[in-house]
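Visitor: I would be grateful for a close look at a single part of this structure, followed by an account of its surroundings.

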Amino acid sequence: MSQEQKAVARARKAFLTGRSKPLEHRIRQLKNLQRLFVERQTEISDAMKKDLNKSEVGTQLFETLGLEGEINLAIKKLKEWAAPRPVEKNLLTLSDTVYIQPEPLGVVLIIGAWNYPWAVTIQPLIGAMAAGNAAVVKPSEVCAHTSKVMEYLLPIYIDKELYPVVTGGVPETQELLRQRFDHIFYTGNSMVGRLIMEAAAKHLTPVTLELGGKSPCYIDKNCDISIACRRITWGKYTNCGQTCIAPDYILCEPSIQDRVIEEVKKSIEDFYTDNPKTCTDYGRIINQRHFKRIMAMTEDSTVAVGGESDESDCYIAPTVLRDVKPEAKVMQEEIFGPLLPVLPVGGLDEAIKFINQGEKPLALYIFSPDKKVIKRMIDETSSGGVLANDCLVHYSVSTLPFGGVGNSGMGSYHGKFSFDQLSHLRGCLIKELKMEGVNSMRYPPHTPKKLGWARFFILKNPDLGWMGRMALLAILAVVAAVVLQVSYGGREERDINEY
Amino acid sequence: MSSPPSPSPNRWFKALRRTRLGEPCLKTYPLECVELLKRARAAFQAGRTAKEGFRLAQLEAVVRMLVEHECDFVDALGRDLHKPRFETVVSELILVKNEALHAINNLKKWMQPQHVERNLSTTLDECLVVNEPLGVVLIMGTWCSPVQLCLVPLVGAIAAGNCAMINPPEYTSHTAELLHRLIPSYLDNECFHVIVTGTNDLAQIVGLKFEHVFFIGNREEAGRVAQAAALTLTPVTLVLGGKNPCYVDQQCDITTTAQRIAWARFHNAGQSAVAPDYILCHVDVKERLVQALKCCLMQFYGSDPRESRSFGRMVNLETFNRTRDLLWRSGKVAVGGQVIEAEKYIAPTILTEVVESDPIMQHEVFGPVLPILTVKNVDEAVAFINKQEKPLCVYAYSSNSKVISRLMSETSSGSFCSNDSILQSLMVVLPFGGVGASGMGSYHGRYSFDTFSHRKSCLLRGTRFECVTYLRYPPYEDRNLSLMTWASTLSQKSQGWCQIL
């Protein structure tokens, strides 16, 4: 048996003992995970610095602070999330108990990505633990130091049989995918997403895919361009552009293009000084392969800002490209790097048309003071999520489901959505063996009379409307009054007779 | 409402083939499917299905179609499955009507964006979830309840604002032909199309690229659908069959139990994905249960069920042969057992002395044969159930609520019902679907709407208060981080996670 097979078998065996189900266990494990982030911040930050040149503050801000919040939320709300959820009853089920019971699925496989390794690998783990599952965690091998730290730290804090960490590259991942899981949660690109879904299909395993896409960013000419560009600059160049929801490209009218470029340049200087290479807050491209891929995209476009690079350091300066055409190399795939193309468009109509020609992205950004413009954008385009007048931050609202649609993915998570995504919501109907008389109308031999009764009881009525409901209420009140009158009248007579 | 049916050239070019038994059937070739898909996509992109008024009109048309053609449906299902009128009206037509009326009554509410709880940093913003249609969806029903299994998902797809291609099962050819004929007269001709294809074309049709594929059927076909969907990153909902266990406890009212089980198992001649597949009977009550079931069957179908108008037939020779083989090679016949090939008739049959290794316990029983296995206690029943794949439903009959509780919490299945069967799969308020080997995703009522929608998160901010947002910008300073961590803990105490971003 391979290492991967062993890990999965152990996780399943541990799950079948039932120990991941009780709420106390789940909360204990979540609290342990919380301690990991409090006690081991230094080791985590050191590894992130080596992998992505992320500063310590940057690591906390973008990786661990969010996780601590999600853990707190899960601990606080777990009882509510895991409780049976009652549903509306009808005439026939008045005396029954009807509810939805959340249940764990079993063994979940979580495949993380390299750009925010802690955030995108541990956040699904929080959901898996909260839902009572076992989980096999496979961090991305591309950020080698972080995955080693994860492999070392997680077993110290959380149950190492229920939540094993499996490290390795493509062969190890393929071996994992040959095993049977109850759910697979993948964050990454759509090419690999397809392969994961294919492997899952062999076992009929449901999947959640958090993929990417080209997230468009439309700037209305009437908005406060300086603030808009500041926020876009922050959203774009954080983590050197290697964010699945980074604004991929800008659409704006030609009249404001120069101003936009100027404001972005100013913000770049404010954030990363005039020599970003020496700035500790500016990151690096993850590896040579991606460096070459991104540099190749600049070939057929005009560089307006930046453009410097250093292959030995995997450094690409924050770059803006101007007057980019739809056929340009940089517009053919998700950039995932610090290049910001600006495409001039005639206005909102043209922008919407252009966006709809492409695949559905993970995020869509629109900067405008006009609510009507924002509403049009929401109504006439489709994307995983929409954020108006800012970038990235919708990721942090745990009451909003985060996920893609179409090519940008399927399923969603964050907060309660993580819990629901990794649970089975089982419909339950608890009846008793009484009142069999009511059931007799459904038994053969079937007669037209029985059919008549069935129609009466089962068929819904179109909405009666306010008047209809009032009328019904009045009739019921009269009936109730009559019944009460008869029963009280009867009792009075009985009382008298007893004397 | 929709215009009169257009004499579309496609319909004139349908090939009519005769099967071995001389029954007509029609088929939509893959090239035609491509054409129809193109039309549906164009209609969707033109925004035809977006408005509430359009969706309501289509839903009302579905109801009208079922009301005006009740006799035609009864006739078609009678020919395909020998389905009694009662079963057709109640379990096929009324069910779909209920779903459609439920959707009509709730559509406005479902279409409203939902505002979600905000946190400290988003108090001044709008946080909402918008329900968006997906595009063009593919619905593939299966033959045991062809009308219900095609039209209930269709109701959800329409309510959610999608266009749809409906693929009714080829086995129930009269019903498929009826749907193929009626739907263009009632629903919008550009948005909704009925295609009739064989199981061999499944992968090809799915590969044409839809925004969602809804499949009800068996595991083997589901595997092919899932593989084809993976190639185009198409999300799927799969509602598959399985062996639904039914535990009968020593503490229960045997007569009522037998009645409910017999009704559930033998309606539609046992061809139901939600019927109890096998009984795990407590050893103390097995004899009484078999006797009670025998009485019920007599009551329901008379001494010769072949003469009863309330009893159905197998859909085709293939399923007839398969069920008959399982019957002959397993256990001992306690009741029934008669088969007549020419009529595809199998009598309501109860098998006892069945063991786990018998053929009937290795396959889903899609026919009127009910195997009974005995168990000594609840523990044994739970262990047995958990050894098998997760089924679509788990049933338990007992007057002891602790027993029910144990069965429910110690097993896993798509849905659960105690002291009755099937009803939980008919309710519009409960999500109905499988888990593990019995499928993924769910539908009915609001859950159909959600299955065919994309929940798009929208966060609408303003550009004021930049003085607060500056905390997040580089250069990163420890002082700023401390401020943010402090604010973060504040809001964690009150509402949950937030970053002042």
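In which loop of chain A does A:Met435 lie?

Guide: This is a predicted model, and the description that follows should be read accordingly. A:Met435 belongs to the loop of chain A between strand S17 (423-430) and helix H15 (436-439). With a relative accessible area of 57%, A:Met435 is exposed; the cut-off for that term is over 50%. A:Met435 also contributes to a nonpolar surface patch of about 560 Å², together with A:Leu91, A:Leu92, A:Leu94, A:Val438 and A:Ile458.

Charged residues with neighbouring numbers may be considered next. A salt bridge joins the side chains of A:Glu432 and A:Lys434, with an N to O distance of 3.0 Å. A:Glu432 is partly exposed, its relative accessible area being 42%, whereas A:Lys434 is exposed at 56%. A further network of salt bridges links A:Asp96, A:Lys431, A:Glu436 and A:Arg442 with B:Arg260 and B:Asp420. That network includes residues of chain A and of chain B, which leads to the interface.

The area buried between chain A and chain B is about 9200 Å², and carbon and sulfur atoms give 61% of it. Chain A brings 106 residues to the contact and chain B brings 111. Five salt bridges are found across the interface of the two chains. A:Asp390 and B:Arg461 form a salt bridge through their side chains, at 2.9 Å from N to O. Polar contacts across the interface of chain A and chain B number 36 residue pairs, both residues being at pLDDT 80 or more. On the side of chain A that touches chain B, helix H4 (residues 56-82) gives the most, with 12 residues.

A residue in a strand of chain A offers a contrast with the exposed A:Met435: A:Phe185 is buried, at 1% relative accessibility. A:Phe185 is part of strand S5 (residues 183-187) of chain A. Leaving aside residues up to four places away in sequence, A:Phe185 touches A:Leu109, A:Ile110, A:Ile111, A:Pro124, A:Thr208, A:Glu210, A:Tyr413 and A:Leu422. The C-alpha atoms of A:Phe185 and A:Ile196 are 9.4 Å apart, and the two residues are 11 residues apart in sequence.

Chain B can be described as a whole. Chain B has 17 helices and 22 strands, and 65% of its 501 residues count as buried. Among the contacts in chain B with a separation of 6 or more, 70% are between residues 24 or more positions apart. The exposed area of chain B is about 18400 Å², with 54% supplied by carbon and sulfur atoms.

Two salt bridges within chain B complete the account. B:Lys108 pairs with B:Glu52, their closest N and O atoms lying 3.8 Å apart. Because B:Lys108 lies in helix H5 (residues 85-111) and B:Glu52 in helix H3 (residues 52-68), this pair ties together parts of chain B that are 56 residues apart in sequence. B:Lys108 is exposed at 52% relative accessibility, while B:Glu52 is partly exposed at 25%. The other pair is B:Lys387 and B:Glu356, with 3.2 Å between the closest N and O atoms. B:Lys387 lies in helix H13 (residues 378-387) and B:Glu356 in the loop between strand S15 (349-352) and strand S16 (369-375), so parts of chain B that are 31 residues apart in sequence are tied together. B:Lys387 counts as exposed at 57%, and B:Glu356 as partly exposed at 35%. Over all chains, the structure holds 59 salt bridges.

Technical notes. Residues are numbered from 1 along each chain as its sequence is written. Chains are lettered from A and ligands numbered from 1 in the order in which they are written. Side-chain values use heavy atoms; hydrogens and water are left out. Patches are made of residues with over 30% relative accessible area and no salt bridge: like charges are joined within 9 Å, nonpolar side chains (Val, Leu, Ile, Met, Phe, Trp, Tyr) within 5 Å. Accessible areas come from the Shrake-Rupley method with a 1.4 Å probe; for residues, only the protein chains shown count as cover. A salt bridge is a side-chain nitrogen of Lys or Arg within 4 Å of a carboxyl oxygen of Asp or Glu. Helices (H or I, at least four residues) and strands (E, at least two) are DSSP runs, numbered from the N terminus. Buried means under 20% relative accessible area, exposed over 50%, partly exposed in between (1.4 Å probe, protein chains only). Contact means heavy atoms within 4.5 Å. Buried area is the accessible area (1.4 Å probe) that two parts lose on being put together, summed over both. A polar contact is a pair of N or O atoms within 3.5 Å; within protein, one must be able to donate a hydrogen and the other to accept it, and residues adjacent in sequence count only if both atoms are side-chain atoms.
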